[in-house]
Amino acid sequence: MNPLNHVAIIMDGNGRWGQKYKNSRNAGHKAGLNTVEKIIKETIKQKIKFLTLYAFSTENWKRPKKEVNYLFNLLETFLTSKVDELHKQNIKLKIIGLKKFSKRLNKLLNLSEKKTSKNKRLQLNLALNYGSKTELLNAFKSLKNNKEKINEVNLKKYLQTKNIPDPDLLIRTGNTKRLSNFLLWQLAYSEIFFEKKLWPEFSENDYNIIIKKYRNIKRNFGKI
Ligand code: IPE
Ligand code: IPE
Ligand code: MG
């Protein structure tokens, strides 16, 4: 049985779900939040130590302003109302991505990270304004500026995921098979599951089915 230390999820399909059932993409984003809460709880139940959720990519800025604003308002409301609960549940929140938001949101994110920084049960990484290509380019620039040798150990120090083990398992919901600029370096040896269901309809049971399949895979890492 494979150990499972880190699950990463591309939470895709909110817009399509919202359009289909509520005639509004934004309603899908709201519904997706319920799945976020369910999956966090189940991750804790399964004693997994790291969960990384792709919430907003560097490319998602290309969406209509109305949708982008809705997403960030949703995030702000969620964090404001839930950070105490996350803290009580012993969850450490970490933002990966470039924190270049409104002053108010930056402050809220920093405070939430600070408040939960000593928590140990689960580290919840929220990928926000995250893009793997930018992350790698910035890491190489830092190596160059500091005149450091280009090797794996040094490069990792400058990734947003510094001190976070690589994901063992990547799940993408929403019936699409691509990585969309997510953790390109870190996913080098992850087991990847593409799930047909849209994020708002993804359940604990679906999650556990994938986890069970993952546990039984023969992971080679190049060996035999
Ligand atoms: C993922 O759902 C959430 C974000 C990118 C913020 P989408 O909004 O991409 O949903 P679809 O893929 O359009 O259905
Ligand atoms: C990936 O989903 C980003 C997030 C889930 C935050 P997208 O819906 O943005 O991906 P593409 O554009 O379909 O590749
Ligand atoms: Mg999508």
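Good morning. I begin with T35, which touches W199, P200 and F202, residues up to four places away in sequence not being counted. Please bear in mind throughout that the structure on display is a predicted model. T35 is found in helix 2, residues 25-45. Is T35 buried or exposed? Its relative accessible area is 0%, and because anything under 20% counts as buried, T35 is buried. Its side chain also has a polar partner: one of its polar atoms lies 3.3 Å from the backbone oxygen of P200. P200 is thus named twice, as a residue that T35 touches and as the owner of that backbone oxygen.

Let me turn to the nonpolar interior. The largest nonpolar core has 38 residues, and those with the most contacts inside it are V7, I9, L51, L128, L169 and Y207. Which helix gives the most to this core? That is helix 3, residues 65-88, with 6 residues. A second core, separate from this one, has 12 residues, including I10, F50, I96 and L183. To look at one residue in detail, consider V7. Leaving aside neighbours within four places in sequence, V7 is in contact with I48, F50, L51, T52, L169, I171 and Y207.

My next subject is helix 4, residues 103-116. With 14 residues at 1.5 Å a residue, helix 4 should span 20 Å, and its end C-alpha atoms are 20 Å apart, so expectation and model agree. Buried in helix 4 are L105, N106, L108, L109, S112, E113 and T116. Why do these residues fall on the same side of helix 4? They do so because they cover an arc of only 165 degrees around the axis. As a general point, an α-helix has 3.6 residues a turn, so residues three or four places apart point the same way. The face turned away from the buried side of helix 4 carries exposed residues, namely K103, R104, K107, L111 and K114. What covers the buried residues of helix 4? The cover includes helix 3, strand 3 (91-96) and strand 4 (122-130).

Finally, I come to ligand 1. It is surrounded by 13 residues, of which the closest are D12, G15, R16, R25 and R63. Three backbone approaches to oxygen atoms of this ligand deserve mention. For R16, a backbone N or O atom lies 2.7 Å from an oxygen atom of ligand 1. For G15, the corresponding distance from a backbone N or O atom is 2.9 Å. For G13, a polar backbone atom is 3.4 Å from an oxygen atom of ligand 1. Thank you for your attention.

Conventions: Residues numbered from 1 in each chain as written. Chains lettered and ligands numbered in written order. Predicted model: local features only at pLDDT ≥ 70, side-chain atom pairs only at ≥ 80, totals over all residues. Heavy atoms only, no water. Core = buried A, V, L, I, M, F, W, Y, C linked by side-chain atoms within 4.5 Å. Buried < 20%, exposed > 50% of the residue type's maximum accessible area, 1.4 Å probe, protein only. Helix = DSSP H or I, 4+ residues; strand = E, 2+ residues; numbered from the N terminus. Contact = heavy atoms within 4.5 Å. Polar contact = N/O pair within 3.5 Å; in protein donor to acceptor, adjacent residues only side chain to side chain. Expected span 1.5 Å × (residues − 1). Arc of directions from axis to C-beta. Near = heavy atom within 4 Å.
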